[in-house]
Amino acid sequence: MSNNFPSLFSPIQIKKLALKNRITMAPLFLGYANPDGSVSSLILDHYREMAASGVSMVVVENVGIDPFGTGSPFTLRIDEERFLFGLSGLAKTIHQQGALAILQINHAGRYAYRPEKIAPSSFETYGAVSREMTEEDIERVIRDFAISASRVKEAGFDGVELHGGTGYLLVQFLSPRTNKRTDTYGGSLENRMRFPLRVVAEVLKAVGPDFPVGYRFLADEWQPDGLHLEETTLFARELEQRGLAYLSVMAGTYDSFFLPEYIEEEKKEGYMVRFAKGIKEAVSHIPIITAGRINTPELANRIIEEKQADLIGLARVLLADPLWPKKAQQILTEPTTPCEPTCSLCMKRIAGGKPVFCSQWDRNRQKGFLLRIGEKETKE
Ligand SMILES: Cc1cc2nc3c(=O)[nH]c(=O)nc-3n(C[C@H](O)[C@H](O)[C@H](O)COP(=O)(O)O)c2cc1C
């Protein structure tokens with residue numbers, strides 16, 4: 001155990017899961033799945049490295065519960081039995097490296113990349129208008145979440161995380177900005193919470209009371225007419241009451257990620273910690289994960305010590321430096337390599353439908369990666 005960062009390296013219990021330290025991998029979609037959504041060797045090698053980094057828990061990137069509900073091509077899927085084999089191998093790979101394995105499940109709603117998009121209300125997104133979900137759609141998607149969650153358990157993961165962040169379907173129902181329904185799923189906060197809370201209830205029923213269910217939690221939509229802490233703190237309390245395992249707090253959606261003020265704020269270390277703190281203060285005991293440019297162990301330790309959050313989530317930070325946890329623990333003596341704030345290579349690669357590599361990797365690693373995916377080196 002490190003003496004320099006005692007809070008960061010203190011153990012914590014999440015339901016039945018014993019975490020050896022407070023460092024987790026936050027979900028990070030990199031476009032590594034096979035074109036049919038199955039687990040590829042690229043995925044296995046990537047998660048082997050992430051799990052070997054010394055994090056206590058890896059939360060695997062968003063996996064589609066519906067082939068028409070994935071946000072990008074090359075996204076993992078769990079909507080059919082046939083995906084179980086690869087996903088079991090993924091859980092095993094993470095466990096072999098000594099980390100706990102959680103799988104995040106998602107429906108992208110209006111952000112789905114295929115032309116036919118469903119959402120709580122008809123809403124224009126990148127020039128395409130989503131279709132308002134019927135009662136039948138609502139029942140089907142709730143069922144899909146529940147069936148997918150039971151597959152996560154069957155595949156041998158230690159828990160499932162519901163993707164209620166980034167502006168995907170669960171948020172689209174919660175948000176007054178995107179939910180314009182006039183039935184029992186729209187209008188008041190109580191009504192807007194109904195769909196995500198029904199998903200939670202059915203998922204809990206499907207996996208049983210002992211299987212940890214976490215929630216990627218949007219604390220603030222970063223839009224004047226969107227969700228803010230006044231409402232999301234109330235939603236957080238509802239989730240806590242229902243016995244969820246943790247809330248992994250984030251802020252912003254695809255509608256805000258490209259706003260100049262978001263781009264500026266996002267360059268700062270710990271830019272989402274204040275949202276995690278706001279949620280932590282509103283709940284009583286549910287563990288809170290915070291992410292967002294937590295580039296140094298000093299900052300991470302302070303966040304835990306000052307009780308702004310209970311756990312740290314590293315996404316790009318861990319990709320940029322897969323040795324971050326070992327350096328923090330002083331198993332290695334070099335300083336951590338930060339995720340470069342002015343670089344958006346990962347986002348650009350995803351937007352271009354190409355597997356992600358990191359500008360902070362050394363030249364040989366970058367070259368090896370491009371060779372492996374059969375891509376010629378170009379200036380990005
Ligand atoms: C390329 C990319 C992919 C991401 N994929 C996911 C995802 O699949 N699920 C999710 O909840 N968050 C996702 N996120 C958000 C991260 O989990 C994290 O909250 C954010 O990147 C801030 O942490 P970081 O500075 O360590 O990257 C993604 C972010 C990026 C940049």
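Trainee: In which loop does L227 lie?
Mentor: This is a predicted model. Two elements flank L227, a strand and a helix. The loop that holds L227 runs between β11 (213-220) and α6 (229-241).

Trainee: Is L227 buried or exposed?
Mentor: Count the other C-beta atoms within 10 Å of L227: there are 25. The cut-off for burial is 20 or more. L227 therefore counts as buried.

Trainee: Which residues does L227 touch, not counting those up to four places away in sequence?
Mentor: Contact here means C-beta atoms within 7 Å. With residues up to four places away set aside, the list for L227 is L174, S175, L218, D220, E221 and T232.

Trainee: How far apart in space are L227 and S248, C-alpha to C-alpha?
Mentor: Along the sequence, 21 residues separate L227 and S248. In space, C-alpha to C-alpha, the value is 16 Å.

Trainee: What is the phi of W222, and where is W222 found?
Mentor: W222 sits in the loop between β11 and α6. Most residues other than glycine have a negative phi. W222 has a positive value. Its phi is near 65 degrees.

Trainee: Is W222 buried or exposed?
Mentor: W222 has 22 other C-beta atoms within 10 Å. Burial needs 20 or more. So W222 is buried.

Trainee: What is the phi of K15?
Mentor: K15 lies in the loop between β1 (12-14) and β2 (17-19). With 18 C-beta neighbours inside 10 Å, K15 counts as partly exposed. Its phi is positive, though K15 is not glycine. The value is near 50 degrees.

Trainee: Where does S40 lie, and which residues does S40 touch?
Mentor: S40 is in the loop between β3 (23-25) and α1 (41-51). It has 18 C-beta neighbours inside 10 Å, so it counts as partly exposed. Not counting residues up to four places away in sequence, S40 touches Y32, A33 and N34.

Trainee: What distance separates the C-alpha atoms of S40 and L87?
Mentor: S40 and L87 are 47 residues apart along the chain. Their C-alpha atoms are separated by 9.9 Å.

Trainee: Now the whole chain. What radius of gyration does the protein chain have?
Mentor: The chain has 380 residues, with 13 helices and 14 strands. A compact globule with that many residues would have a radius of gyration near 21 Å, and the chain agrees with this. The C-alpha atoms fill a box of roughly 60 × 50 × 45 Å along the principal axes. The radius of gyration is 19 Å.

Trainee: What share of contacts between residues at least 6 apart in sequence joins residues at least 24 apart?
Mentor: Burial first: 49% of the 380 residues count as buried. For the contacts you ask about, the share joining residues at least 24 apart is 69%.

Trainee: How many residues are in contact between domain 1 and domain 2?
Mentor: The domain assignment gives domain 1 (12-338) and domain 2 (343-380). Their centres, over C-alpha atoms, are separated by 24 Å. On the contact count, 12 residues of domain 1 meet 9 residues of domain 2.

Trainee: Which element gives the most to the side of domain 1 that touches domain 2?
Mentor: By class, that side has 7 nonpolar, 3 polar and 2 charged residues. The top contributor gives 3 residues. It is helix α10 (residues 316-320).

Trainee: Where does the ligand shell lie relative to the domains, and which residues come nearest?
Mentor: Domain 1 and domain 2 both give residues to the shell, so it lies between them. The shell's classes are 13 nonpolar, 6 polar and 4 charged. Of the 23 residues around the ligand, the nearest are A26, P27, N62, A315 and R316.

Trainee: Which element gives the largest share of that shell?
Mentor: Elements giving two or more residues are β4 (57-64), α10 and α12 (345-351). The largest share is 3 residues. That share comes from α12.

Trainee: Which helix gives the largest share of the largest nonpolar core?
Mentor: The core has 109 residues, and V58, I105, V203, L247, V249 and L314 have the most contacts inside it. Both domains give residues to this core, so it lies between them. The largest share is 6 residues, from helix α5 (residues 189-207).

Terms used: Residues numbered from 1 in each chain as written. Predicted model: local features only at pLDDT ≥ 70, side-chain atom pairs only at ≥ 80, totals over all residues. Helix = DSSP H or I, 4+ residues; strand = E, 2+ residues; numbered from the N terminus. Rg over C-alpha atoms; globule rule 2.2 N^0.38 Å. Buried ≥ 20, exposed ≤ 12 C-beta atoms within 10 Å, placed from the backbone. Contact = placed C-beta atoms within 7 Å. Domains from an automatic or database assignment. Nonpolar A, V, L, I, M, F, W, Y, C, P; charged D, E, K, R; others polar. Near = placed C-beta within 6 Å. Core = buried A, V, L, I, M, F, W, Y, C linked by C-beta atoms within 7 Å.
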